[in-house]
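Colleague: I have a model open and would like to learn how to read its sheets, its buried spots and its ligand site. Could you walk me through it?

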Amino acid sequence: MDNDWSTFGVDLHLDLAAGRDPGEGVRTALERSLREAVRAGRLAAGTRLPATRALAAELGIARGTVSAAYDQLAAEGYLIARHGSGTRVADVARAERPATRGTPAPPRHDLRPGRPDMGSFPVAEWLRASRRALGEAPPAAFGYGDPRGRPELRAALADYLGRARGVDAAPGRIVITSGYVQALGLLARVLPPGAFAMEDPGLPFHREVARFAGREVVPLPVDRLGADPSSLAGSDVAAAVVTPAHQYPTGVTLPPERRRALIAWARDASGVVVEDDYDGEFRYDRQPVGAVQGTAPDSVVYVGTAAKTLAPGVRLAWLVLPARLVEPVMRAKRLTDYQTESLGQLTLAEFLTSHAYDRHVRASRGRYRRRRDLLLAAGAELPGCSLEGVAAGQHVLLGLPAGAPPEQLLLRRASAHGLSFDTLADHWHAPSAAHRQGLILGYGTPREAAFPLAVTALTRLLQVELGP
Ligand SMILES: Cc1ncc(COP(=O)(O)O)c(C=O)c1O
C-alpha cells in the first residue's frame with residue numbers, strides 16, 4: 001500500500017463527528033473538516049492528500065464520497081487536483097493561527113527585567129554541543145531515566161558549581177528541573193509543614209508558585225543589607241527563600257553576618273534556606289560571591305538556572321539538596337513529570353564539560369557590564385534618582401525621588417513612547433503608601449545596537465517627568 005497517510009508523511013486527524021449538525025451528511029462533514037484544516041494551517045500548502053481509496057478506507061466511508069469532497073474543495077480553491085500527481089493543498093491565505101493571535105508586540109525599547117539578551121544565545125556552539133552529545137549518547141539516554149536527571153549533566157554541574165559558585169555539590173544530590181519555577185514548586189510540596197518566608201520586596205510570581213503548591217507565604221523583610229532573618233525566630237516558617245548573591249529586585253548582596261544568621265535560624269528551627277542563585281555568575285566589579293550553600297550544605301537548598309546565563313527557553317535548572325531531601329524531591333519529581341527531557345540535558349552537559357558555558361558567561365559578562373555602565377552614566381544625570389544594587393546581574397533598581405509621579409503613571413507614559421520596564425510596586429507583599437518608589441530596569445533584553453536608544457528614551461522620559 002503506497003498511498004496511505006504515513007507513506008505521504010502527513011498524519012491528519014479528521015474527526016467527522018466533531019461539530020457536526022445532526023442533519024449534516026458525511027460528505028459535507030468531510031468537506032468542512034478538510035476546509036477547516038487548510039484554513040487553520042494544519043494542512044500546509046503543497047501537502048499531498050491521500051488517495052481517495054485510502055482515505056475512504058481509513059474513515060470507513062464510500063470512495064465516491066471522498067472524491068466528491070475533493071472535487072468540491074478543488075472547485076473552492078482549497079485543493080489542486082492534477083492528473084498523475086494526486087491532490088494537493090492549495091496555497092490559500094490562512095486564517096490567523098490561534099497561537100499567535102493576541103500576542104502583544106514587544107515594546108520598541110524593552111527594559112523589562114528578568115530576560116537576558118536572547119539575541120546573543122550561542123546558537124552555533126549549542127548546535128555543536130548538541131550534535132556531539134546526541135551522537136555519543138547511549139541508547140538508554142533516550143529512554144525513561146532517573147527522575148534526578150541525566151548523570152552526565154549532574155556530574156558536569158557538580159564540577160562546575162563547585163568550581164564557579166563554591167557549591168558543595170555531589171551528583172547524587174542534584175535534581176534537574178524545568179526552571180527555578182519547578183524547583184520551587186517541588187520544594188513547596190515536600191518540605192515539612194510551615195510557611196514559606198519570601199523576600200519583601202521579591203518576585204510576585206514566585207510567591208504565587210509557592211501558594212499554588214499549598215504554602216502560606218509570609219514576608220521576609222529586605223533592608224539595605226538584603227533579607228533580614230530576625231523575624232524568623234519563633235515563627236512557623238519551614239523555608240526562607242532568598243536571593244543572596246543579588247537580591248531581586250533591590251540588587252544588594254547579602255553580607256556574611258546575615259548569611260550566618262540565616263543558617264543559624266535554619267539549624268535552630270530545623271528549617272531550610274532556599275538559595276535562588278538566578279544570576280550569581282554575573283558580577284562585574286569583583287569575583288562573584290560564593291553560594292551560601294557551600295558553608296552549610298545540610299541547611300541550604302541551592303537552586304541555579306540556565307535562564308540568565310543561556311536563555312529562559314532552555315528551561316533547565318538544578319537543585320542541590322541536603323541528603324535527607326533527595327528521596328522526597330525525587331518522588332515529587334517523578335510524580336510530576338517523571339523527569340526533565342533528556343536531549344537538552346545532554347547538550348548542556350557537553351556545553352559545560354567543553355567549557356563553552358564558561359566562555360559564553362565570560363563574553364556575556366563583558367556585554368552586560370558595558371550596558372550597565374551606560375545605564376548608570378545616564379541615570380546619574382537624572383534629578384534626585386538613586387541607582388541601587390551592586391555591579392551584578394542584568395537589572396538595576398532606580399529609586400525615584402520623593403514627590404515623583406506614581407510609578408504606574410510613569411509606566412503608562414513610557415508605554416506611549418514604546419518604552420517598557422517594571423515598577424517596584426508589585427514586588428511588595430502588601431501595597432502601602434509608605435513604600436518607596438522605584439523602577440526596575442533590565443539591561444539584558446534589547447539587541448546590542450538597540451540598547452543605547454532604549455537608554456536615551458528612558459532618560460528623556462524621566463527628565464520630562466521628574467522636572468529639572
Ligand atoms: C529572582 C529570579 N529567580 C529565578 C529566576 C529563574 O526562573 P526560571 O529558571 O524558572 O526561568 C528568575 C527569572 O527571571 C528570577 O527573576
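**Reading strands, sheets and surroundings**

Modeller: Let's start with a strand pair: β13 (residues 395–399) and β16 (residues 438–442) run antiparallel, with five bridges between them. Keep in mind that this is a predicted model.

Colleague: Which residue in β16 is the bridge partner of glycine 399?

Modeller: That's glycine 438. One more pair you can click on is leucine 398, whose bridge partner in β16 is leucine 439.

Colleague: And which way do the side chains go as I walk along a strand?

Modeller: The general idea is that side chains in a regular strand alternate between the two faces of the sheet.

Colleague: How many bridges join β12 to β13?

Modeller: Three, and that pair is antiparallel. Glutamate 388 has leucine 397 in β13 as its bridge partner. The two strands make a hairpin with six residues between them, and glycine 389 in the turn shows a positive phi of about 100°.

Colleague: In what order do the strands of that sheet come?

Modeller: It's an open sheet of four antiparallel strands, ordered β12-β13-β16-β15. At the edges you find β12 (386–388) and β15 (422–423); each has a single partner strand, so one side of each has no neighbour in the sheet. Helix α12 (residues 356–379) packs on this sheet and touches β12, β13 and β16, with its direction at about 10° to that of β13.

Colleague: How do I read burial? Is β13 mostly covered or mostly open?

Modeller: Count the other C-beta atoms within 10 Å of a residue's own: 20 or more means buried, 12 or fewer means exposed. By that count β13 is mostly covered, as four of its five residues are buried. Over the protein chain, 40% of the 468 residues count as buried.

Colleague: Can you show me residues that are not buried?

Modeller: Try glycine 214, in the loop between α8 (204–212) and β6 (217–223). It counts as exposed because it has 10 C-beta neighbours inside 10 Å. Then go to methionine 118, in the loop between β3 (109–110) and α5 (123–136). Methionine 118 has 13 such neighbours inside 10 Å, so it counts as partly exposed.

Colleague: What is the order of strands in the eight-stranded sheet?

Modeller: Read it as β4-β11-β10-β9-β8-β5-β6-β7, an open sheet with mixed pairing. Its edge strands are β4 (174–177) and β7 (226–227), each pairing on one side only.

Colleague: Where do I see the mixture?

Modeller: Compare a few pairs. β5 (residues 195–200) joins β8 through four bridges in the parallel sense, and β8 joins β9 (residues 272–276) through four bridges, also parallel. By contrast, β10 (residues 300–305) and β11 (residues 317–320) run antiparallel, joined by four bridges; there, valine 303 stands opposite leucine 319 in β11.

Colleague: And how is β8 placed among its partners?

Modeller: Use alanine 240 as your marker: it is the bridge partner of alanine 197, and it stands opposite valine 273 in β9. Strand β8 (residues 237–242) is mostly covered, with six of its six residues buried.

Colleague: Which helices lie across this sheet's strands?

Modeller: Look at two of them. Helix α6 (residues 151–165) lies across β4, β10 and β11, at about 110° to β4. Helix α7 lies across β4, β5, β8, β9, β10 and β11, and runs at about 155° to β10.

Colleague: Which helix gives the largest share of the shell around the ligand?

Modeller: That's α7 (residues 179–190), with three residues. In total 13 residues surround the ligand, and the closest are Gly179, Tyr180, Tyr278, Thr305 and Ala307. By type, the shell holds eight nonpolar residues, four polar and one charged.

Colleague: Last one: how is the protein chain divided into domains?

Modeller: Domain 1 covers 5–89, domain 2 covers 109–115 + 361–466, and domain 3 covers 121–358. The centres of domain 1 and domain 3 lie 50 Å apart, taken over C-alpha atoms. For the overall picture, the C-alpha trace spans about 80 × 55 × 45 Å along its principal axes, and the protein chain has 14 helices and 16 strands.

Technical notes: Residues numbered from 1 in each chain as written. Predicted model: local features only at pLDDT ≥ 70, side-chain atom pairs only at ≥ 80, totals over all residues. Domains from an automatic or database assignment. Near = placed C-beta within 6 Å. Nonpolar A, V, L, I, M, F, W, Y, C, P; charged D, E, K, R; others polar. Pairing = 2+ DSSP bridges. Contact = placed C-beta atoms within 7 Å. Axes fitted to C-alpha atoms, helices over the stretch in contact; angles between N-to-C directions.
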